[in-house]
Amino acid sequence: MITQIYSIQTAEEAIACVEAGVDRIGVAIDTGIRLPAQVNEEKCREIFTAVGDKVVKVLIAVTKTGEDVYGPLSRLRPDVIHICGNEFFATPEFVARAKKICPGVEVLQAIPMTGPKAIDEAVHFAEFCDMIILDSVDPKIAGIGAAGVTHDWALDAAIVRKVKCRVILAGGLGPDNVAEAIRIVRPWGVDSFTKTSDRMPDGSTKKNPEKVHLFIKNAKEAAAELGL
Ligand SMILES: O=C(O)c1ccccc1NCC(=O)[C@H](O)[C@H](O)COP(=O)(O)O
């Protein structure tokens with residue numbers, strides 16, 4: 001069971017997550033579309049440099065086109081590119097070009113878990129993406145994810161049984177419910193943003209190391225009990 005913590009905004013937050021034992025950190029890059037925890041390219045580079053090879057580095061991209069992803073990909077060289085816009089979704093051509101521009105990169109496509117049609121969508125993207133992430137949607141947020149709420153885990157469980165690629169579960173997961181989610185869905189990995197962060201008075205978010213630690217502990221223990 002891998003654990004993934006988004007949305008890191010400083011090198012200090014990233015290092016605290018490494019110390020808590022996280023497997024993957026995610027950074028949302030500013031592509032001109034306002035996201036809850038986006039950072040500019042320079043800050044993203046600083047965060048990736050600070051963690052080095054201690055964790056898998058994920059670049060989160062909400063863009064209108066694949067073209068908008070190639071520049072940050074070639075300059076920042078993440079381990080994983082996470083595509084979660086409402087307009088641009090990965091295609092086989094995008095996956096091939098991303099891997100050419102950034103050798104070794106893996107492509108993670110978000111699936112909006114808004115109802116049963118998500119099953120067919122997941123099957124489609126699982127054919128040519130390295131991983132998919134099953135995520136909740138908040139209409140007020142540009143992109144799939146960062147919604148802070150759960151969705152119907154029975155659909156996720158059906159997808160995990162059906163597709164061959166690695167599946168990450170996201171959407172409203174925190175220390176309180178990650179174990180139950182793992183028992184029901186049995187994903188390859190789990191992800192958290194909102195419930196492992198604190199909301200600041202100005203509306204911004206900051207990672208909470210204690211919540212991050214508990215999220216990882218509860219996820220790893222539940223997975224170990226299930227032999228995942
Ligand atoms: O990280 C962001 O800022 C972001 C912005 C827009 C769309 C998706 C984004 N993050 C994707 C993630 O994978 C989140 O960690 C995932 O959606 C879980 O979010 P939450 O429900 O808040 O735990």
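Reader: How many bridges join strand S1 to S2, and do they run parallel or antiparallel?
Author: In this predicted model, strand S1 (residues 2-5) and S2 are joined by 2 bridges and run parallel. One pairing to look at is Ile 5, whose bridge partner in S2 is Ile 25. Between these strands the chain passes through helix H1 (residues 11-19), and the resulting β-α-β crossover is right-handed.

Reader: Which other strands does S2 pair with?
Author: S2 pairs with strand S4 (residues 56-61) in the parallel sense, over 5 bridges. There, Arg 24 stands opposite Val 56. S2 is also joined to strand S3 (residues 38-39) by 2 bridges, again in a parallel arrangement, and Ile 29 stands opposite Val 39 in S3.

Reader: Why is S2 said to be largely enclosed?
Author: S2 covers residues 24-29, and 6 of its 6 residues are buried, so the rest of the structure largely encloses this strand.

Reader: Which residues of S2 point which way?
Author: Arg 24, Gly 26 and Ala 28 point one way, while Ile 25, Val 27 and Ile 29 point the other way; all are buried. In a regular strand, side chains alternate between the two faces of the sheet.

Reader: On to the core. How many residues does the largest nonpolar core have?
Author: The largest nonpolar core has 69 residues. Those with the most contacts inside it include Ile 25 and Val 27, as well as Ile 132. In soluble globular proteins, nonpolar side chains tend to be buried together.

Reader: What is Ile 132 in contact with?
Author: Setting aside neighbours within four places in sequence, Ile 132 is in contact with Gln 109, Ile 111, Ala 122, Phe 125, Ala 126, Cys 165 and Val 167.

Reader: And Ala 118: is it buried or exposed?
Author: Ala 118 lies in helix H5 (residues 117-126). It is buried, because 20 other C-beta atoms lie within 10 Å, and the cut-off for a buried residue is 20 or more.

Reader: What does Ala 118 touch?
Author: Not counting residues up to four places away in sequence, Ala 118 touches Ile 111, Pro 112, Met 113 and Leu 155. Ala 118 and Leu 155 are 37 residues apart in sequence, with their C-alpha atoms 7.8 Å apart in space.

Reader: New topic: how many residues surround the ligand?
Author: The ligand is surrounded by 28 residues, and the closest are Tyr 6, Gly 143, Gly 145, Phe 193 and Thr 194. The elements giving two or more residues to this shell are strand S7 (131-135) and strand S9 (189-192).

Reader: How do the residues of that shell divide into nonpolar, polar and charged?
Author: The shell around the ligand has 16 nonpolar, 9 polar and 3 charged residues.

Reader: You named Tyr 6. What kind of peptide bond joins Tyr 6 and Ser 7?
Author: Tyr 6 and Ser 7 are joined by a cis peptide bond, with omega about -20°. Ser 7 is in the loop between S1 and H1. Most peptide bonds are trans, and most residues other than glycine have a negative phi.

Reader: What is phi for Ala 146, and what is it for Arg 186?
Author: Ala 146 has a positive phi, near 55°. Arg 186 also has a positive phi, of about 55°, although it is not a glycine.

Reader: Where are they found?
Author: Ala 146 is in the loop between S7 and helix H6 (153-162), and counts as buried with 26 C-beta neighbours inside 10 Å. Arg 186 is in the loop between helix H7 (178-185) and S9, and counts as partly exposed with 17 C-beta neighbours inside 10 Å.

Terms used:
Residues are numbered from 1 along each chain as its sequence is written. This is a predicted model: local features need pLDDT of at least 70, side-chain atom pairs count only at pLDDT 80 or more; totals for chains, interfaces and linings use all residues. A nonpolar core is a set of buried Ala, Val, Leu, Ile, Met, Phe, Trp, Tyr and Cys residues joined through C-beta atoms within 7 Å. A residue is buried if 20 or more other C-beta atoms lie within 10 Å of its own, exposed if 12 or fewer, and partly exposed in between; C-beta atoms are placed from the backbone. Two residues are in contact if their C-beta atoms, placed from the backbone, lie within 7 Å. Helices (H or I, at least four residues) and strands (E, at least two) are DSSP runs, numbered from the N terminus. Two strands pair if DSSP finds at least two bridges between them. A crossover is right-handed if, with the strands pointing away from the viewer, the path from the first strand over the helix to the second runs clockwise. A residue is near a molecule or strand if its C-beta atom, placed from the backbone, lies within 6 Å of it. Ala, Val, Leu, Ile, Met, Phe, Trp, Tyr, Cys and Pro count as nonpolar, Asp, Glu, Lys and Arg as charged, and the others, Gly among them, as polar.
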